[in-house]
Amino acid sequence: MAKFLTPLEVTQRPTDHRWVLLAPLMYKSDLLGTWIVKVPTGFDTDFASVPRLPFMYWLLGGRANHAAVIHDYLYRTALVTRAEADRVFVEAAEVEGVSWPARWTMWTGLRVGGWTVYDQHHPENRG
């Protein structure tokens, strides 16, 4: 069963809108088999990059923070493909209790715009 194995412990950096992990975040994914994702202490994130448009942020902002950290880590490290990382995000958001419509909307945003971030970190994967 997919689950978070540790709590999300973060602090906000005073200079921007990013957050830093104070302790490792560990997640067991059913999609990835027995493999456990371990995001290290010190990793920085902006959580889910929901556009700051008032309606969109009201609808989706501040949700799936745990899942967003796992997703950011998978995107930056390329331990899995971009598509796998996006599916793990949806799985982890479900574990957090995010509704199906919100998960689907976030996944759609990842599939439409996530390639720019993924390619920024892994230009060799451009195809």
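Contact here means heavy atoms within 4.5 Å. On that basis, and leaving aside neighbours within four places in sequence, Ile-70 is in contact with Phe-4, Leu-25, Tyr-27, Val-37, Val-39 and Val-88. The model is predicted, and the protein chain has an average pLDDT of 83. Its secondary structure comes to 4 helices and 6 strands, with the strands preceding the helices in the order β-β-β-β-β-β-α-α-α-α from the N terminus.

**Confidence and overall figures**

- A pLDDT of at least 70 is reached by 79% of the residues.
- Over residues 50-59 the pLDDT stays under 50. For this stretch the model has 10 contacts beyond four places in sequence.
- The protein chain has 127 residues, of which 37% count as buried.
- Among contacts in the protein chain with a separation of 6 or more, 57% are between residues 24 or more positions apart.

**Sheet S1-S4-S5**

- Three strands form an open sheet in the order S1-S4-S5, with antiparallel pairing.
- Strand S1 (3-4) and S5 are the edge strands, and each of them pairs on one side only.
- The antiparallel pairing of S4 and S5 runs over 4 bridges.
- Met-26 has Lys-38 in S5 as its bridge partner, and Tyr-27 stands opposite Val-37 in S5.
- Side chains alternate along S5. Val-37 and Val-39 point to one face and are buried, while Ile-36 and Lys-38 point to the other face and are not buried.
- Both buried valines of S5, Val-37 and Val-39, appear in the contact list of Ile-70.

**Sheet S2-S3-S6**

- A further open sheet has 3 strands in the order S2-S3-S6, and its pairing is antiparallel.
- Strand S2 (10-12) and strand S6 (44-45) stand at the edges with a single partner strand each, so one side of each is left without a neighbour in the sheet.
- S2 pairs with strand S3 (residues 19-21) in the antiparallel sense over 3 bridges.
- Within that pairing, the bridge partner of Thr-11 is Val-20 in S3.

**Helices against the sheet, and the core**

- Helix H2 lies across S1, S4 and S5 and runs at about 90° to S5.
- Helix H3 lies across S1 and S4 and runs at about 100° to S4.
- The largest nonpolar core has 30 residues. Leu-25, Val-39, Val-69 and Ile-70 are those with the most contacts inside this core.
- At least two core residues are supplied by each of strand S4 (25-28), strand S5 (36-39), helix H2 (65-77), H3 and helix H4 (100-121).
- H2 provides the largest share of this core, with 7 residues.
- Two residues with the most contacts inside the core, Leu-25 and Val-39, are also among the contacts of Ile-70.

**Asp-86 and His-71**

- Asp-86 is found in helix H3 (residues 82-95). Its relative accessibility is 0%, so Asp-86 counts as buried.
- The side chains of Asp-86 and Arg-111 are joined by a polar contact of 2.5 Å.
- Not counting residues up to four places away in sequence, Asp-86 touches His-71, Tyr-75, Trp-107, Leu-110 and Arg-111.
- His-71 lies in helix H2. With a relative accessibility of 6%, which is under the 20% limit, His-71 counts as buried.
- Apart from neighbours within four places in sequence, His-71 is in contact with Ala-85, Asp-86, Phe-89 and Leu-110.
- Leu-110 is therefore a residue that appears among the contacts of both Asp-86 and His-71.

**Ala-78 and its backbone**

- Ala-78 is placed in the loop between H2 and H3.
- The phi of Ala-78 is near 55°, a positive value in a residue other than glycine.
- Most residues other than glycine have a negative phi.
- Ala-78 counts as partly exposed because its relative accessibility is 28%, a value between the limits of 20% and 50%.

Key
Residues numbered from 1 in each chain as written. Predicted model: local features only at pLDDT ≥ 70, side-chain atom pairs only at ≥ 80, totals over all residues. Heavy atoms only, no water. Buried < 20%, exposed > 50% of the residue type's maximum accessible area, 1.4 Å probe, protein only. Polar contact = N/O pair within 3.5 Å; in protein donor to acceptor, adjacent residues only side chain to side chain. Core = buried A, V, L, I, M, F, W, Y, C linked by side-chain atoms within 4.5 Å. pLDDT = per-residue confidence, 0-100. Pairing = 2+ DSSP bridges. Axes fitted to C-alpha atoms, helices over the stretch in contact; angles between N-to-C directions.
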